[in-house]
Amino acid sequence: MDSGWDASASAWIEQMGQQGDWGRRFVLDRPMLARVRGRGFRQAVDIGCGEGRFCRMLQAEGIPTIGIDPTAALIDAARRRDPTGDYRVASAEDLPLVDSSCDLAVFYLSLIDIADLRAALHEASRVLQPGGSLLIANLQSFNTASIDQGWHRAWNGALHFRIDDYLQERVTRVSWKGIRIANYHRPLQAYMAELLGLGFQLQHFSEPEPYGVSDAKAERFRRVPNFLLMEWQRG
């Protein structure tokens with residue numbers, strides 16, 4: 001199935017700019033960096049790195065990082081922005097890395113784009129050293145199960161967030177600002193079962209709220225936290 005990323009790459013690059021979108025800048029960046037800062041990681045891989053924004057952030061923290069993405073146009077953009085970086089066109093299900101070559105693997109809002117969850121997590125486990133960390137930022141599963149982007153105003157004016165068929169794994173098409181891509185809805189238990197089955201041990205779980213901003217959008221994020229953050233350790 002066409003993921004839509006080839007056709008959406010230029011629009012994605014424009015939307016990300018240099019700073020990233022609202023959710024990354026005001027919700028996820030700070031807690032993601034807090035999980036890696038000062039811990040002495042020697043080699044990271046950012047799986048589904050897009051245009052390389054988080055790779056550059058990791059490298060600014062002194063962590064050498066390999067960026068992996070299947071969309072050539074995004075990797076080209078990453079190389080232009082970071083000519084000395086290591087960016088490779090490849091899929092999460094078949095990483096071009098040797099066993100136990102990294103001590104940090106990252107999925108920053110990329111697991112929802114990956115068709116074969118089991119294969120991608122197996123590959124992340126394979127390239128991680130024993131004791132290495134797997135850092136995941138993902139959309140909440142109730143977000144990916146939402147109806148018409150979730151928010152709905154009832155007859156009495158009250159805003160509600162609507163979901164349906166939560167337990168049914170499926171692919172959906174999402175569109176915004178010239179981007180039209182496939183996302184994969186999976187209940188949270190699907191992620192947990194795969195990670196536990198691979199022998200990963202949960203070290204951190206949080207549902208971060210917005211920081212540094214107070215507006216209507218931030219209030220909605222606090223009512224319905226769109227993201228979750230997990231860190232797992234390879235056993």
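Here are some numbered points to read alongside the structure, which is a predicted model.

1. **A buried acid without a partner.** Let's start with D69, which sits in strand β2, the stretch covering residues 65-69. Which side chain of opposite charge is nearest to D69? That would be R24, but R24 is 9.2 Å away, and D69 has no salt bridge although it is buried. A salt bridge here needs a nitrogen and an oxygen within 4 Å, so R24 at 9.2 Å does not qualify.

2. **What D69 reaches instead.** Turn now to the backbone around this side chain. The backbone nitrogen of C49 is 3.4 Å from the side chain of D69. The backbone nitrogen of G50 is also within reach, with 2.9 Å between this nitrogen and a polar side-chain atom of D69. Leaving aside residues up to four places away in sequence, D69 touches G48, C49 and G50, together with L74, I75, R88, V89 and A90.

3. **Helix α4 and its buried side.** Two of those neighbours, L74 and I75, take us to helix α4, residues 72-81, where L74, I75, A77 and A78 are buried. Why do these residues lie on the same side of α4? Because they cover an arc of only 155° around the axis. The elements covering the buried residues of α4 include α1 (5-16), β2 and β3 (86-89). Strand β2 is familiar from the points above, as D69 lies in it.

4. **A salt bridge along α4.** The same helix also carries a charged pair. R79 and D76 both belong to α4 and are 3 residues apart, about one turn of the helix. Their side chains form a salt bridge, with 4.0 Å from N to O. How accessible are the two residues? R79 counts as partly exposed because its relative accessibility is 38%, and D76 is partly exposed too, with a value of 36%. A general rule helps here: an α-helix has 3.6 residues a turn, so residues three or four places apart point the same way.

5. **A similar arrangement in α5.** Helix α5 spans residues 117-127 and holds both E123 and R126, which are 3 residues apart, about one turn of the helix. The side chains of E123 and R126 meet in a salt bridge at 2.7 Å, N to O. Is E123 buried or exposed? E123 is buried, with a relative accessible area of 9%.

6. **A salt bridge between distant parts of the chain.** Searching the whole structure gives 12 salt bridges. One pair is E231 and R35, whose side chains meet at 2.9 Å, N to O. This pair links distant parts of the chain: E231 is in strand β11 (residues 227-233) and R35 is in helix α2 (residues 22-36), with their positions 196 residues apart in the count. E231 counts as buried at 3% relative accessibility, whereas R35 counts as partly exposed at 22%. R39 joins in as well, so keep an eye on three residues: R35, R39 and E231 are linked in a network of salt bridges.

7. **Two nonpolar cores.** The largest nonpolar core contains 52 residues, and M32, F107 and L134 have the most contacts inside it. If you pick F107 and look around, you will find that it touches residues including I47, A92, I114, L121, L134 and I136. There is also a second, separate core of 10 residues, and its members include W5, W12, A77 and I181. You have met A77 already, as one of the buried residues of α4.

8. **I181 and the start of the chain.** I181 lies in strand β9 (residues 179-185) and is buried, with a relative accessible area of 2%. How far apart are I181 and S3 in space? Their C-alpha atoms are 5.6 Å apart, although 178 residues separate them in sequence. Among the residues that I181 touches are S3, G4, W5, S8, V174 and W176.

9. **Two positive phi angles.** Finally, look at two loop residues. D165 is in the loop between β7 (159-163) and β8 (170-176), and its phi is near 50°, a positive value in a residue other than glycine. D165 counts as partly exposed, at 43% relative accessibility. K177 is in the loop between β8 and β9 and has a positive phi of about 50° although it is not a glycine. K177 is exposed, with a relative accessible area of 61%.

Key: Residues numbered from 1 in each chain as written. Predicted model: local features only at pLDDT ≥ 70, side-chain atom pairs only at ≥ 80, totals over all residues. Heavy atoms only, no water. Helix = DSSP H or I, 4+ residues; strand = E, 2+ residues; numbered from the N terminus. Buried < 20%, exposed > 50% of the residue type's maximum accessible area, 1.4 Å probe, protein only. Lys, Arg positive; Asp, Glu negative; His and termini not counted. Polar contact = N/O pair within 3.5 Å; in protein donor to acceptor, adjacent residues only side chain to side chain. Contact = heavy atoms within 4.5 Å. Arc of directions from axis to C-beta. Core = buried A, V, L, I, M, F, W, Y, C linked by side-chain atoms within 4.5 Å.
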